[in-house]
Amino acid sequence: MLASLGRSAGRLLRAGNGAAVVGLRHAGGGVHIQPRYRQFPELTRAQVIRSELLSGFMWFWILWHFWHSSDMVLGHFPYPDPAAWTDEELGIPPDDAE
């Protein structure tokens, strides 16, 4: 902030008459990014690296919390032993029934 304030003060002092120096604008002259219909956008290397880091951190966060607090996803109750279920509980008819 102090650097921008110093630059502004320097411009005013260089102008001599106290009037502010008008800067050059680079905003005119049409569309800056041409539309690309049904084409992938051109990504810079920095965008690819940032997206890889962000997605890597996201998966680290998800897997870390799933590993350390899996009860939040799987439930807080012990899983029943399937070997202890009877045929009747599973809906399997008796062997002598046709």
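Buried means under 20% relative accessible area, exposed means over 50%, and partly exposed lies in between, with a 1.4 Å probe and protein chains only as cover. This is a predicted model, in which local features need pLDDT of at least 70 and side-chain atom pairs count only at pLDDT 80 or more, whereas totals for chains, interfaces and linings use all residues. Residues are numbered from 1 along each chain as its sequence is written, and side-chain values use heavy atoms, with hydrogens and water left out.

**View 1. The whole chain, with four helices and zero strands.** Helices (H or I, at least four residues) and strands (E, at least two) are DSSP runs numbered from the N terminus, and the elements of the chain run α-α-α-α from that end. The pLDDT, the predictor's confidence in each residue from 0 to 100, averages 81 over the chain, and 69% of the residues score at least 70. Confidence is lowest in helix α1 (residues 2-15), at a mean of 68, and highest in α2, at 96. Where pLDDT is low, the predicted coordinates should not be read in detail. Of the 98 residues in the chain, 0% are buried. The chain exposes about 10300 Å², of which carbon and sulfur atoms supply 64%; accessible areas come from the Shrake-Rupley method with a 1.4 Å probe, and for residues only the protein chains shown count as cover.

**View 2. A nonpolar surface patch of about 900 Å².** The patch is made by F57, M58, W59, F60, W61, I62, L63 and W64, and F57 has its place in helix α2 (residues 45-68). Patches are made of residues with over 30% relative accessible area and no salt bridge, like charges being joined within 9 Å and nonpolar side chains (Val, Leu, Ile, Met, Phe, Trp, Tyr) within 5 Å. A salt bridge is a side-chain nitrogen of Lys or Arg within 4 Å of a carboxyl oxygen of Asp or Glu.

**View 3. Aromatic pairs in helix α2.** Rings of Phe, Tyr and Trp (its six-membered ring) pair if their centres lie within 6.5 Å, and planes under 30 degrees apart count as stacked, over 60 as edge-to-face and the rest as tilted. By this rule the count comes to two aromatic pairs. The rings of F57 and W61 have centres 6.1 Å apart and planes at 40°, so this pair is tilted. F57 and W61 are separated by about one helical turn because they stand four residues apart in helix α2. F57 is partly exposed at a relative accessible area of 48%, and W61 is partly exposed at 49%. F60 and W64 also form a tilted aromatic pair, 5.7 Å centre to centre with 35° between the planes. Both F60 and W64 lie in helix α2, four residues apart, about one turn of the helix. F60 is partly exposed, with a relative accessible area of 46%, as is W64, with 43%.

**View 4. The backbone at R38, in the loop between α1 and α2.** Phi of R38 is near 55°, a positive value in a residue other than glycine. Most residues other than glycine have a negative phi. R38 counts as exposed because its relative accessibility is 73%.
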